[in-house]
Amino acid sequence: MKKWLLIVLAIFTFVQYVEAQDVRFVATATKTSVSEGERFQVTYTLHNAQGTRLSPPNFKDFSVLMGPSVSQSTQIINGAMSQQISYSYILQANTKGTFTIGPATITVNGNPMQSNSLTIKVLEPSQAEQEQREQAKQQERTLSQQAQD
């Protein structure tokens with residue numbers, strides 16, 4: 001009986017350890033190059049943890065049109081559970097230039113966690129369209145290469 005209890009305790013500890021390693025807080029943007037006046041989305045996603053007290057960055061170079069919108073999901077695949085919570089903002093580019101959106105901070109188990117920063121290029125409309133086409137071609141090449149592999 002003691003042997004089984006030790007085995008169950010070891011498995012429970014191992015599962016918690018593996019889940020704790022996969023906790024991430026990631027910032028993403030729908031576009032990294034936008035036209036002046038164009039709207040885009042920035043999302044901060046916390047993976048495999050419950051967070052409190054989200055502190056978004058200062059979006060001083062952009063207009064915040066909406067946000068935060070919060071979405072949450074949980075998946076259980078073959079007994080492995082993963083969850084995520086996302087905070088999304090719709091921003092509008094105001095002036096041309098290259099801007100950095102700083103990291104957001106969230107508290108997980110009493111400890112602050114920071115996301116990555118994002119760099120957004122705001123271009124004149126014609127330049128932005130050309131750069132977006134180049135990004136789309138690069139993504140297509142990457143997907144094509146992944147399919148071939």
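**Sheet pairing and aromatic contacts**

Val-34 stands opposite Val-122 of strand β10 in this predicted model. The two strands concerned, β2 and β10 (residues 118-123), pair in the parallel sense over 3 bridges. They belong to an open sheet of 3 strands, arranged in the order β2-β10-β7 with mixed pairing. Its edges are formed by β2 (33-35) and β7 (97-101), each of which pairs on one side only. On average, neighbouring strands of this sheet are turned by 30° against each other, direction ignored.

A search of the whole structure yields 5 aromatic pairs. In one of them, the rings of Tyr-44 and Tyr-89 have their centres 6.3 Å apart and their planes at 80°, so the pair is edge-to-face. This contact links distant parts of the chain, with Tyr-44 in strand β3 (residues 39-47) and Tyr-89 in strand β6, 45 residues apart. Tyr-44 is buried, at a relative accessible area of 0%, and Tyr-89 is likewise buried, at 5%. Tyr-89 also pairs with Phe-59: the ring centres lie 5.1 Å apart and the planes meet at 50°, so this pair is tilted. Phe-59 is located in the loop between β4 (51-55) and β5 (62-77), 30 residues from Tyr-89 along the chain. With a relative accessible area of 9%, Phe-59 is buried. Together with Phe-25, the residues Tyr-44, Phe-59 and Tyr-89 form one aromatic cluster.

Strand β6 (residues 80-93) also contains Met-81. Met-81 has a relative accessibility of 42% and therefore counts as partly exposed. The C-alpha atoms of Met-81 and Asn-48 are separated by 8.6 Å, although the two residues are 33 residues apart along the chain.

Notes
Residues are numbered from 1 along each chain as its sequence is written. This is a predicted model: local features need pLDDT of at least 70, side-chain atom pairs count only at pLDDT 80 or more; totals for chains, interfaces and linings use all residues. Side-chain values use heavy atoms; hydrogens and water are left out. Two strands pair if DSSP finds at least two bridges between them. Helices (H or I, at least four residues) and strands (E, at least two) are DSSP runs, numbered from the N terminus. Axes are lines fitted to C-alpha atoms, for helices over the stretch in contact, and angles run from 0 to 180 degrees between N-to-C directions. Buried means under 20% relative accessible area, exposed over 50%, partly exposed in between (1.4 Å probe, protein chains only). Rings of Phe, Tyr and Trp (its six-membered ring) pair if their centres lie within 6.5 Å; planes under 30 degrees apart count as stacked, over 60 as edge-to-face and the rest as tilted.
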